[in-house]
Amino acid sequence: MDITKLEAWYIRSHRKLIFRETKNPYHIWVSEVMLQQTQVETVLPYFESFIKLFPNPQCLAEAEDEKLMKAVEGLGYYRRFRLMKKAARYIVDHFNGEFPNTYEDVLSLPGVGLYTAGAIMSIAYHEPRSALDGNVIRVLSRYLGVDHNMREEKHKRKLDQINQTYIEKATPAIYTQAMMELGATICRPKNPQCGMCPLQEHCVAYAENRQHELPVLSKLKEPIHKNWITLIIQDEAYIYLRKREEELLKGMYEYPQFEEESVHSVINNLQQQGIILDLVNQEKTVKHVFSHQVWHMDVYVVRRISGMSPEWIRIEHQALKKIPMATAHRKIGPLNN
Ligand code: SF4
């Protein structure tokens, strides 16, 4: 690989992103976790406010769960942030609050895998450690003309080893960031800008005009569709919510919702538990797509007349904005019935 050209291109052309201008391992870690499955443009404002709220591992370890979840509301995949807090606790307990500086210690942190450890070690500590994410898989698959299914671990491992041999000949911090940047801005999934690419000269996919066939990625499982009856239960003073305990969106608040045929059967079932609700109207139908699930929510406004589920909490209407709520329900929006 023409590493010199790649690095020169990065130094010349990279976007000036706040988390690419730092060598602080804690900041790099935060940015890498936020960037998982999430676009750079989305992450930028979150990153800045997160670092202000939780400027070091100690502050993150001591953060209230709700404050943490509110800080990342809208980014999705919330498990990563619960693991981050756990890792911050681990840093305080095992490394005296200092972000660890060896590959093995970084890898020992809860939620930190090979990619994140490789990114932190190469960018913050200039250690040659491969960081193979989706962008780098795409660049290398195309550059080398790899035909194997990149969803299979053994093929990913092979590519990781190749990436390791490259970074050992490179300037680690520049190489890692250059490959990420190339994948994000030039060797994009659709319409790669081969004419501007520093790797074009020896790129197999370019030579054979196979950019759109690579990387080979087998189809993901079809998502599960769930139909919910979602209730906005409110009275003059309060709105009724539930805090999720399920793994998906754990710790986020939601409107009570039920996988049932109709709103009438929901109201009847609740009545049998001593909860009397008065149906006002159907407000809207909202769809939300997660990576493995699609929610179809028929949203009804109801008024509570009496009774209360032990699962529910009630909050004042104006407090709704201050609590962490997943996008799926946040986008239902304020209702004024
Ligand atoms: S030449 Fe095109 S396909 Fe090859 S690495 Fe560059 S952008 Fe990707």
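Which residues on the other side of H1 are exposed?

**Helix H1**

Before we start, a quick note: this is a predicted model, where local features need pLDDT of at least 70, side-chain atom pairs count only at pLDDT 80 or more, and totals for chains, interfaces and linings use all residues. Residues are numbered from 1 along each chain as its sequence is written, and side-chain values use heavy atoms, with hydrogens and water left out.

Solution. Start with the vocabulary: buried means under 20% relative accessible area, exposed over 50%, and partly exposed in between (1.4 Å probe, protein chains only). Helices (H or I, at least four residues) and strands (E, at least two) are DSSP runs, numbered from the N terminus.

Next, pick out the buried set of H1, which covers residues 3-13: Ile 3, Leu 6, Glu 7, Trp 9 and Tyr 10. Looking down the axis of H1, these buried residues fall within an arc of 155 degrees, so they line one face of the helix. (The arc is that of the directions from the helix axis to the C-beta atoms.) As background, an α-helix has 3.6 residues a turn, so residues three or four places apart point the same way.

Now flip to the other side of H1, and there's your list: Thr 4, Ile 11 and Arg 12 are exposed. To finish, the buried residues of H1 pack against helix H10 (153-168) and helix H11 (172-185), where contact means heavy atoms within 4.5 Å.

**Helix H13**

Try a second helix: which residues of H13 are buried, and which strands are included in what covers them?

Solution. H13 runs over residues 263-272, and its buried residues are Val 263, Val 266, Ile 267 and Leu 270. Down the axis of H13, they fall within an arc of 95 degrees, so they too line one face of their helix. The cover includes S1, strand S4 (257-258), strand S5 (276-289), strand S6 (293-306) and strand S7 (312-316). After H13 comes Gly 274, with a positive phi near 85 degrees.

**The ligand**

Go to the ligand and work out where it sits and which residues surround it.

Solution. The place first: the ligand sits in the largest cavity. On a 1 Å grid over the protein atoms alone, a cavity is a set of points where a 1.4 Å probe fits but cannot get out. "Sits" means that more than half of the ligand's atoms lie within 2 Å of the cavity's grid points.

Now the shell, taking residues with a heavy atom within 4 Å: Arg 142, Ile 186, Cys 187, Cys 194, Cys 197, Gln 200, Cys 203, Tyr 206 and Gln 211. Sort them and you get 6 nonpolar, 2 polar and 1 charged. The sorting rule counts Ala, Val, Leu, Ile, Met, Phe, Trp, Tyr, Cys and Pro as nonpolar, Asp, Glu, Lys and Arg as charged, and the others, Gly among them, as polar.

**Backbone oddities**

Hunt through the loops: which peptide bond is cis, and what is phi at Tyr 77 and at Asn 191?

Solution. The bond from Leu 214 to Pro 215 is cis, with omega near 0 degrees. Pro 215 belongs to the loop between helix H12 (204-207) and strand S1 (224-234).

Tyr 77 isn't a glycine, yet its phi is positive, near 45 degrees. You'll find Tyr 77 in the loop between helix H5 (65-72) and helix H6 (79-95); at 39% relative accessibility, it counts as partly exposed.

Asn 191, also not a glycine, has a positive phi of about 50 degrees. Its loop lies between H11 and H12, and at 53% relative accessibility Asn 191 counts as exposed. The C-alpha atoms of Asn 191 and Gln 211 are separated by 8.6 Å, with their positions 20 residues apart along the chain.

**Two residues in context**

Take Leu 249 and Ile 239: is Leu 249 buried or exposed, and what does Ile 239 touch?

Solution. Leu 249 lies in the loop between strand S2 (238-243) and strand S3 (253-254), and at 7% relative accessibility it counts as buried. Leaving out residues up to four places away in sequence, Leu 249 touches Tyr 78, Arg 244, Phe 290, Trp 295 and Ala 326.

Ile 239 is in strand S2 and counts as buried at 4% relative accessibility. With the same sequence neighbours left out, up to four places away, the residues that Ile 239 touches include Ile 232, Tyr 255, Ile 313, His 317 and Leu 320.

Definitions and conventions:
On a 1 Å grid over the protein atoms alone, a cavity is a set of points where a 1.4 Å probe fits but cannot get out, and a pocket is an open set with protein on both sides within 12 Å along at least five of seven lines; lining residues have an atom within 4 Å of a point.
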